[in-house]
Amino acid sequence: GVGVFLVIKSVRTRRPSAIPRADREAFVEATAVFSGCRRQPQGQPFKGGDVTAIFGGIELDLRSAEPSPEPMVLDVFILFGGGEVRVPPGWSVDVRTTSIFGGVGHKIADVPAAAGAPRLVVNGSTIFGGLEIRH
């Protein structure tokens with residue numbers, strides 16, 4: 001019962017997917033349920049995304065993405081699964097996640113980001129799963 005409550009609460013509080021048609025290419029949407037999913041955005045400036053892994057895995061490679069000038073927001077939900085986000089060196093990453101019997105590994109070098117560096121904000125939940133952020 002608690003698990004169902006947490007999943008429903010997470011789905012209800014997520015950002016609406018009312019993305020303007022012109023910006024759809026700038027956002028990543030990926031869902032892996034009992035499977036795996038890999039995304040590597042290229043081209044338009046990356047603005048953010050929404051990734052969900054339930055008993056599955058997500059791999060998001062942003063190393064070749066063109067960063068947006070405003071902060072990029074990535075919403076994650078991981079339930080009994082795993083995820084990996086790769087960012088280019090020099091990006092500032094702000095992790096704002098909630099973990100329940102799970103965790104977020106922030107494996108980026110402790111080198112301070114330069115002023116005006118691209119900023120990625122990671123929001124979401126990991127429940128009995130994990131998320132790893134690395135170069």
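The legends below describe close-up views of a predicted model.

**View 1. The second largest cavity and the residues that line it.**
Of the 2 cavities of 30 Å³ or more that the structure holds, the view is centred on the second largest, which has a volume of about 40 Å³. Its lining is made up of Val-51, Ile-58, Leu-60, Val-76, Ile-78, Gly-83, Glu-84, Val-85 and Leu-131. Sorted by class, the lining of this cavity has 7 nonpolar, 1 polar and 1 charged residues. Strand E5 (57-61), strand E7 (72-79) and strand E8 (82-86) each contribute at least two residues to the lining, and the largest share, 3 residues, is supplied by E8.

**View 2. The open sheet of 5 strands that includes E5 and E8.**
The strands of this open sheet follow the order E2-E5-E8-E12-E10, and their pairing is parallel. Strand E2 (36-39) and strand E10 (103-107) are the edge strands, each of them pairing on one side only. On average, and with direction ignored, neighbouring strands of the sheet are turned by 10 degrees against each other. Within the sheet, E5 and E8 run parallel and are joined by 5 bridges; Gly-57, for example, has Gly-82 in E8 as its bridge partner.

**View 3. Arg-39 in strand E2 and the residues that it touches.**
Arg-39 has its place in strand E2, which is one of the edge strands of the open sheet. Because partly exposed residues lie between the limits of 20% and 50% relative accessible area, Arg-39, with a relative accessibility of 33%, counts as partly exposed. When residues up to four places away in sequence are not counted, Arg-39 touches Val-28, Glu-29, Ala-30, Glu-59, Leu-60 and Asp-61. Among these contacts, Leu-60 also belongs to the lining of the second largest cavity. Val-28 and Arg-39 are 11 residues apart in sequence, and the distance between them in space, C-alpha to C-alpha, is 7.7 Å.

**View 4. Strand E7 and its pairing with E4 and E11.**
E7 is mostly covered, with 7 of its 8 residues buried, and this strand also supplies at least two residues of the lining shown in View 1. With strand E4 (residues 48-54), E7 pairs in the parallel sense over 7 bridges, and Gly-48 stands opposite Val-73 in E7. With strand E11 (residues 119-127), E7 likewise pairs in the parallel sense, here over 8 bridges, and the bridge partner of Asp-75 in E11 is Asn-123.

Terms used:
Residues are numbered from 1 along each chain as its sequence is written. This is a predicted model: local features need pLDDT of at least 70, side-chain atom pairs count only at pLDDT 80 or more; totals for chains, interfaces and linings use all residues. Side-chain values use heavy atoms; hydrogens and water are left out. On a 1 Å grid over the protein atoms alone, a cavity is a set of points where a 1.4 Å probe fits but cannot get out, and a pocket is an open set with protein on both sides within 12 Å along at least five of seven lines; lining residues have an atom within 4 Å of a point. Grid points are joined across faces, edges and corners, and a volume is the space filled by probe spheres set on the points. Helices (H or I, at least four residues) and strands (E, at least two) are DSSP runs, numbered from the N terminus. Ala, Val, Leu, Ile, Met, Phe, Trp, Tyr, Cys and Pro count as nonpolar, Asp, Glu, Lys and Arg as charged, and the others, Gly among them, as polar. Two strands pair if DSSP finds at least two bridges between them. Axes are lines fitted to C-alpha atoms, for helices over the stretch in contact, and angles run from 0 to 180 degrees between N-to-C directions. Buried means under 20% relative accessible area, exposed over 50%, partly exposed in between (1.4 Å probe, protein chains only). Contact means heavy atoms within 4.5 Å.
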